[in-house]
Amino acid sequence: NAHLGQALGGMPAVTLERIISDDIPTITCDNYQGGELATEHLVGAGCRRLAIITGSLDIDLPANKRVQAFADVARRHGIEPWIYTCDEATFLASSYADTIARIFSEHPDVDGIFATSDVIGAQVIQYCASRHMDVPQRVKVVGFNDPPLSPIRQPIDQMADAALSVLEAEIKGEKACGITVLPVKLVRRGTT
């Protein structure tokens, strides 16, 4: 994007978890793998009524692959996935209570929730605690970004190292483009 290049004044640039131009390198975790790990973990823990809470799918973000993997894995196991998206205002306010309440209102038998961020995961746990729903006995919760629940851990240190390497290469005049995707892993904790 020539306009973007002009706005940056030719300065080296790299993005993390955002693709803004084919000319600007991107470092991202393997969001699809994270969605697979989370969903397989919930299914392996006995969950059969699964919901996911995520941001708007209208915005093209690498994180959207978490939702695609969730749906793919759930359907592979014969489970119809319940997908709940939040608008930008909800994201900016970091208040997911209405969406969480809607899930339990529409699907009171939900037994597994994949929260695509640590903030969402923490609010799911708070909601369950306030209604005396035991986590993980009644509802199992997997988060993303390494909250104090069973998260999919992004390789933040490696992502930062990769971003610095790209910037150093660009400073030396080397052309760096494309997307670098780094693996994620599931950390089992007390919410599943």
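**Group meeting talk: strands, a helix and the cysteines**

Let me begin with a pair of strands, β2 and β8, which run parallel and are joined by four bridges. I should say at once that what we have in front of us is a predicted model, and I will try to keep that in mind throughout. If you would like one place to look for this pairing, find I27, whose bridge partner in β8 is T180. For those who are new to sheets, strands pair through backbone hydrogen bonds, and they may do so in a parallel or an antiparallel way.

Now let us widen the view a little. The strands β2 and β8 belong to an open sheet of three strands, in the order β1-β2-β8, with parallel pairing. Which strands lie at the edges of this sheet? They are β1 and β8, each of which pairs on one side only.

There is further pairing to look at, and here both senses appear. Strand β6, which covers residues 140-144, pairs with strand β7, residues 150-153, in the parallel sense over three bridges, and within this pairing G143 has P151 of β7 as its bridge partner. Strand β7 is also joined to strand β9, residues 185-186, but by two bridges, and these two strands run antiparallel; here R153 is matched with K185 in β9.

Next I would like to turn to helix α7. This helix takes in the 16 residues 156-171, and because each residue should add 1.5 Å, we expect a span of 22 Å, which agrees with the 22 Å between its end C-alpha atoms. Which residues of α7 are buried? They are M159, A162, A163, V166, A169 and E170. These residues are on the same side of α7, because they cover an arc of only 125° around the axis. The face turned away from that buried side carries D157, L164 and I171, which are exposed. What covers the buried residues includes β1, β2 and β8, and those are the strands of the open sheet I described earlier. After α7 comes G173, which has a positive phi, near 90°.

Let me now move to a single residue, T90, which sits in helix α4, residues 88-93. Is T90 buried or exposed? It counts as buried, because its relative accessibility is 18%, and the cut-off for that word is under 20%. The side chain of T90 makes a polar contact, at 2.8 Å, with the side chain of D87. If we leave aside residues up to four places away in sequence, T90 touches S95 and Y96. By contrast, D109, which is 19 residues from T90 in sequence, is 25 Å from it in space, taken from C-alpha to C-alpha.

Finally, a word on the cysteines. A disulfide is a covalent bond between the sulfur atoms of two cysteines. How many disulfides does a search of the whole structure find? The search finds zero. C86, for example, is in no disulfide, and the nearest cysteine sulfur, that of C128, is 15 Å away. C128, in turn, has its closest cysteine sulfur in C47, and that sulfur is 12 Å away, so the two are too far apart for a bond. Both C86 and C128 can be called buried, because the relative accessibility of C86 is 5% and the relative accessible area of C128 is 0%.

Notes
Residues numbered from 1 in each chain as written. Predicted model: local features only at pLDDT ≥ 70, side-chain atom pairs only at ≥ 80, totals over all residues. Heavy atoms only, no water. Expected span 1.5 Å × (residues − 1). Buried < 20%, exposed > 50% of the residue type's maximum accessible area, 1.4 Å probe, protein only. Arc of directions from axis to C-beta. Contact = heavy atoms within 4.5 Å. Polar contact = N/O pair within 3.5 Å; in protein donor to acceptor, adjacent residues only side chain to side chain. Disulfide = S-S within 2.5 Å. Pairing = 2+ DSSP bridges.
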